[in-house]
Amino acid sequence: MAGFKGKSVLVLGGSRGIGAAIVRRFAADGATVAFTYAGSREAAERLATETGATAAATDSADRDAVIARVRDSGPLDVLVVNAGVAMMGDPLELDADEVDRMIRINVQAPYHAAVEAARRMPEGGRIIVIGSNVGDHTGFPGIAAYTLTKAAVQGLVRGLARDFGPRGITVNAVQPGPVDTDMNPADGPLKDTLYGLMALRRHGRPDEIAGLVAWLAGPEAGFATGAMHTIDGGFNA
Ligand code: NDP
């Protein structure tokens, strides 16, 4: 497919998992794709060779680095903020610095990246942030801190959709449920808990999430903005 030929796409956090599937999808659809990574240099380089995308090291915990990366990649037709980390466990035991780092990666980076991208984004531009179905419904204990970051994504999406709507730029969140990645492997210890809460008793595949991202970035989604697009196997049903 060449649906995104001539379009410039930046994926923050594209080296593994859902982000890598998003990079593959846009590259296969003809876009010029750049993506960032932090820890997974080898995976990033392999993906760049495979897809023809450009990889650049940028730690999403570093606000100024994120802003500079977006600025230097622009003007963008599509920004996808996928980079995220998940800390789970008893809130009385979690390390406070690590919680704050997660907030920088999952909340501050999407906000500042979206604002920076919008400075030079043309009409028809698309900003898509990967949230989570837990933004609507936690389902079980031990994920309060992660959940607060994904609920914050909802606020930034709603607010920036109104700010940038007059310029023809849409802002949306994709909210996956359990997806088979390093973060949440299908054979991991949470499997039985998760499947007990889902209408479809399986993990999603990264390419299923990438398909929804591609739809939101394409012409058929021009009227969708300020919205949370949940794709969770019926976890929240
Ligand atoms: P993975 O852990 O498999 O991959 C995370 C990706 O984000 C990697 O490419 C990683 O790059 C990148 N990343 C992490 N931290 C940073 C950082 N500080 N700077 C730059 N990049 C970073 O996770 P998933 O693919 O599963 O998750 C992707 C997104 O989807 C996240 O936002 C997550 O919260 C969300 N999500 C995932 C679900 C799931 O079940 N898998 C469910 C709901 C939402 P590198 O390795 O190079 O650091």
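Where is R167 found? In this predicted model, R167 sits in the loop between α5 and β6, the latter spanning residues 170-176. R167 counts as partly exposed, because its relative accessibility is 36% and that class lies between the 20% and 50% limits. Leaving aside neighbours within four places in sequence, R167 is in contact with A118, R119, M121, E123 and G124. For one of these partners, A118, the C-alpha atom lies 9.3 Å from that of R167, with the two positions 49 residues apart in sequence.

A118 also leads to F164. F164 belongs to helix α5, which covers residues 144-164. F164 is buried, because its relative accessible area is 10%, and the limit for that class is under 20%. Not counting residues up to four places away in sequence, F164 touches A114, V115, A118, I127, I169 and V171. A96 stands 68 residues from F164 along the chain, and the C-alpha atoms of the two are separated by 34 Å.

The interior can be taken up next. In soluble globular proteins, nonpolar side chains tend to be buried together. Here the largest nonpolar core has 33 residues, and those with the most contacts inside it are I22, F26, V33, F35, V80, V174 and V213. At least two residues of this core come from each of the strands β1 (8-12), β2 (32-37), β4 (78-81) and β5 (126-130), and from each of the helices α1 (17-28), α2 (41-51) and α7 (206-217). Another core, of 25 residues, lies apart from the largest one and includes L79, A109, V171 and A173. V171, a member of this second core, is among the residues that F164 touches. Within the largest core, V33 may serve as an example. Its contacts, leaving aside neighbours within four places in sequence, are V9, V23, F26, A27, A53 and T54.

Helix packing gives a second view of the same region. The axes of α1 and α7 come within 8 Å and cross at roughly 50°. The two helices are therefore oblique to each other, since an angle of that size falls outside the ranges for roughly parallel, roughly perpendicular and roughly antiparallel. α1 passes α7 in a right-handed crossing. On the α1 side the contact is made by G17, I18, A21, I22, R25 and F26, and on the α7 side by P206, D207, I209, A210, G211, V213, A214 and A217. By class, this contact has 10 nonpolar, 2 polar and 2 charged residues. I22, F26 and V213, which take part in the contact, are also among the residues with the most contacts inside the largest core.

How are α1 and α2 packed? Their axes are 10 Å apart, at an angle of about 15°. That angle makes α1 roughly parallel to α2, because angles under 35 degrees count as such. The crossing of α1 and α2 is right-handed. A20, V23, R24 and A27 of α1 meet L47, E50 and T51 of α2. Sorted by class, the contact of α1 with α2 has 4 nonpolar, 1 polar and 2 charged residues. V23 and A27, on the α1 side of this contact, are also in contact with V33.

A further helix pair is formed by α3 (residues 63-73) and α4 (residues 96-120), whose axes come within 9 Å and cross at roughly 25°. α3 and α4 are therefore roughly parallel to each other, and α3 passes α4 in a right-handed crossing. R63, V66, I67, V70 and R71 of α3 make the contact with A109, H112, A113, E116, A117 and R120 of α4. This contact has 6 nonpolar, 1 polar and 4 charged residues. A109, part of the α4 side, is also listed in the core of 25 residues.

Two loop positions remain. Most residues other than glycine have a negative phi, and most peptide bonds are trans. The peptide bond from G74 to P75, however, is cis, with omega near 0°. P75 lies in the loop between α3 and β4. G196 is found in the loop between α6 (191-195) and α7. With a relative accessible area of 56%, G196 is exposed, because the limit for that class is over 50%. G211 is 15 residues from G196 along the chain, and their C-alpha atoms are separated by 26 Å. G211 takes part in the contact of α7 with α1.

Technical notes
Residues are numbered from 1 along each chain as its sequence is written. This is a predicted model: local features need pLDDT of at least 70, side-chain atom pairs count only at pLDDT 80 or more; totals for chains, interfaces and linings use all residues. Side-chain values use heavy atoms; hydrogens and water are left out. Helices (H or I, at least four residues) and strands (E, at least two) are DSSP runs, numbered from the N terminus. Buried means under 20% relative accessible area, exposed over 50%, partly exposed in between (1.4 Å probe, protein chains only). Contact means heavy atoms within 4.5 Å. A nonpolar core is a set of buried Ala, Val, Leu, Ile, Met, Phe, Trp, Tyr and Cys residues joined through side-chain atoms within 4.5 Å. Axes are lines fitted to C-alpha atoms, for helices over the stretch in contact, and angles run from 0 to 180 degrees between N-to-C directions. Angles under 35 degrees count as roughly parallel, over 145 as roughly antiparallel, 65 to 115 as roughly perpendicular and the rest as oblique. A crossing is left-handed if the near helix is turned anticlockwise from the far one by less than a right angle, and right-handed if clockwise. Ala, Val, Leu, Ile, Met, Phe, Trp, Tyr, Cys and Pro count as nonpolar, Asp, Glu, Lys and Arg as charged, and the others, Gly among them, as polar.
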